[in-house]
Amino acid sequence: MEKNSRIFVAGHRGLVGSAICRRLRQEGFDNLVSRELQELDLRDQASTRRFFAEEKPEYVVLAAAKVGGILANTTYPADFIYDNLVIETNVIDAAARAGVRKLLFLGSSCIYPKLAPQPMREEALLTGPLEPTNEWYAIAKIAGIKLAQAYRAQHGLNAISLMPTNLYGPGDNFDLASSHVLPALIRKTHEALRAGAPEITVWGSGTPRREFLHVDDLADAAVFLMLAYDSGEIINVGTGIDVTIRELAEMIGHAAGYTGSIAFDSSKPDGTPRKLLDVSRLTALGWKPKIALADGIAETWRWYIENVAARG
Ligand code: GDP
């Protein structure tokens with residue numbers, strides 16, 4: 001990838017896509033081609049093909065996806081499987097037809113079996129049943145991995161697939177009905193502080209363990225792997241460290257200066273008991289994350305206060 005290469009970041013408005021665009025520009029890759037959703041809906045095959053034929057991107061980062069937390073996944077299963085399948089199919093096929101030099105596909109750690117041995121190695125893929133609360137999304141992402149591998153095998157498309165752990169950071173979705181846990185708890189903590197409420201309510205038991213990676217670290221890894229990794233084998237991207245949901249709530253309370261207590265709503269699902277990635281394949285290549293969870297939470301808290309809470 002050269003500094004003037006034409007790079008298409010699909011999903012450039014999202015948490016991940018916007019972070020990857022920032023990182024690429026920081027590294028001097030500033031020939032980015034992008035389209036607003038009104039102009040290019042990647043669920044539409046004809047316009048996706050037309051876009052690739054006209055713009056001729058040389059490199060593609062596929063960060064466009066329908067994403068959401070545990071409740072959104074169980075409420076909109078059709079959207080999660082359909083949108084993700086069709087976006088991946090259209091983009092990977094169009095990229096191969098247009099002779100793209102390299103494509104980076106973003107999967108998710110939820111592709112691994114619910115009870116995969118922890119930490120989860122790349123080899124755990126397709127070795128057991130999935131966690132039911134996000135199997136629709138997971139199946140679509142597994143299909144994306146297989147599409148990338150099939151197009152590599154049959155058409156020589158240099159497609160690589162990254163499996164990021166749970167991501168967070170500035171620009172995340174803070175809507176309580178559709179967000180992931182970290183932004184949800186930032187919002188709940190802020191609302192409790194503002195209302196002088198004595199407690200915040202956390203879904204489930206607080207015992208599930210999750211691994212959180214700052215989106216700027218993910219973006220750094222994505223650019224690193226665009227430059228340094230050319231294998232069809234999937235590669236995990238995470239920190240190798242996890243915390244319980246209770247610990248996460250306490251860390252957010254600490255960053256916010258909130259001294260109330262934590263209540264648990266057992267009517268809400270826990271999801272998978274633990275989701276920790278084995279990141280040895282990535283660390284062996286010489287990459288490691290830079291942003292500690294406590295620092296990332298403090299930064300995201302400030303971003304929320306200045307950009308979301310300030311707007312009412
Ligand atoms: P997951 O990693 O796919 O399960 O997605 P989430 O980030 O949505 O949820 C992670 C864990 O946090 C689950 O055990 C949730 O029950 C728990 N959790 C606790 N409070 C909340 C909340 O307010 N919102 C969300 N989305 N999850 C929460």
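Colleague: Which residue is the bridge partner of Phe8 in strand E2?

Modeller: This is a predicted model, with residues numbered from 1 along each chain as its sequence is written. Local features need pLDDT of at least 70, side-chain atom pairs count only at pLDDT 80 or more, totals for chains, interfaces and linings use all residues, and side-chain values use heavy atoms, without hydrogens and water. Two bridges join strand E1 to E2 (residues 32-33), and the two strands run parallel; strands pair if DSSP finds at least two bridges between them. In E2, the bridge partner of Phe8 is Val33.

Colleague: Through which helix does the chain cross from E1 to E2?

Modeller: Helices (H or I, at least four residues) and strands (E, at least two) are DSSP runs, numbered from the N terminus. The β-α-β crossover from E1 to E2 is right-handed, a term which means that, with the strands pointing away from the viewer, the path from the first strand over the helix to the second runs clockwise. The helix on this path, with residues 15-26, is H1.

Colleague: Which residues of E1 point the other way from Ile7 and Val9?

Modeller: Strand E1 covers residues 7-10, and Ile7 and Val9 point one way from it. The residues on both sides are buried, that is, under 20% relative accessible area, where exposed is over 50% and partly exposed lies in between (1.4 Å probe, protein chains only). Those that point the other way are Phe8 and Ala10.

Colleague: Which residue of E3 is the bridge partner of Ala10?

Modeller: E1 is joined by four bridges to strand E3 (residues 59-62), and these strands run parallel. In E3, the partner of Ala10 is Leu62.

Colleague: Which element supplies the largest share of the largest nonpolar core?

Modeller: A nonpolar core is a set of buried Ala, Val, Leu, Ile, Met, Phe, Trp, Tyr and Cys residues joined through side-chain atoms within 4.5 Å. The largest has 41 residues, and Phe8, Phe52 and Tyr112 have the most contacts inside it. At least two of its residues come from each of several elements, including E1, helix H2 (45-55), helix H4 (77-97) and strand E5 (159-164). The largest share, seven residues, comes from H5.

Colleague: How many residues of E4 are buried?

Modeller: Both faces of E4 are covered, with Lys102, Leu104 and Leu106 on one side and Leu103 and Phe105 on the other. The number of buried residues, out of five in the strand, is five.

Colleague: Which residue of E5 does Leu104 stand opposite?

Modeller: E4 is joined to E3 by four bridges, and the two run parallel; in E4, Leu104 is the bridge partner of Val61. Four bridges also join E4 to E5, again in parallel. In E5, the residue opposite Leu104 is Ile160.

Colleague: Which elements do the buried residues of H2 pack against?

Modeller: The buried residues of H2 are Ser47, Thr48, Phe51, Phe52 and Glu55. Seen down the helix axis, they fall within an arc of 140 degrees, so they line one face of H2; the arc is that of the directions from the axis to the C-beta atoms. They pack against E1, E2, E3 and H4.

Colleague: What arc do the buried residues of H8 cover around the axis?

Modeller: Helix H8 (residues 245-256) reaches 16 Å from its first C-alpha to its last, close to the 16 Å expected at 1.5 Å a residue; the expected span is 1.5 Å times one less than the number of residues. In H8, Ile245, Leu248, Ala249, Ile252, Gly253 and Ala256 are buried. They are on the same side of H8, because their arc is only 140 degrees.

Colleague: Which strands stand at the edges of the sheet E11-E8-E13?

Modeller: This open sheet is formed by three strands, and its pairing is mixed. Strands of a sheet pair through backbone hydrogen bonds, either parallel or antiparallel. Two bridges join strand E8 (residues 209-210) to its parallel partner E13. Each edge strand has a single partner strand, so one side of each is left without a neighbour in the sheet; these strands are E11 (243-244) and E13 (274-275).

Colleague: How far apart in space are Ile235 and Leu225, C-alpha to C-alpha?

Modeller: Ile235, in strand E10 (residues 235-237), is buried, with a relative accessible area of 0%. Among the residues that Ile235 touches are Glu122, Met163, Leu225 and Arg281, where contact means heavy atoms within 4.5 Å. Ile235 and Leu225 are ten residues apart in sequence, and their C-alpha separation in space is 9.5 Å.

Conventions:
Lists of a residue's contacts leave out its neighbours within four places in sequence.
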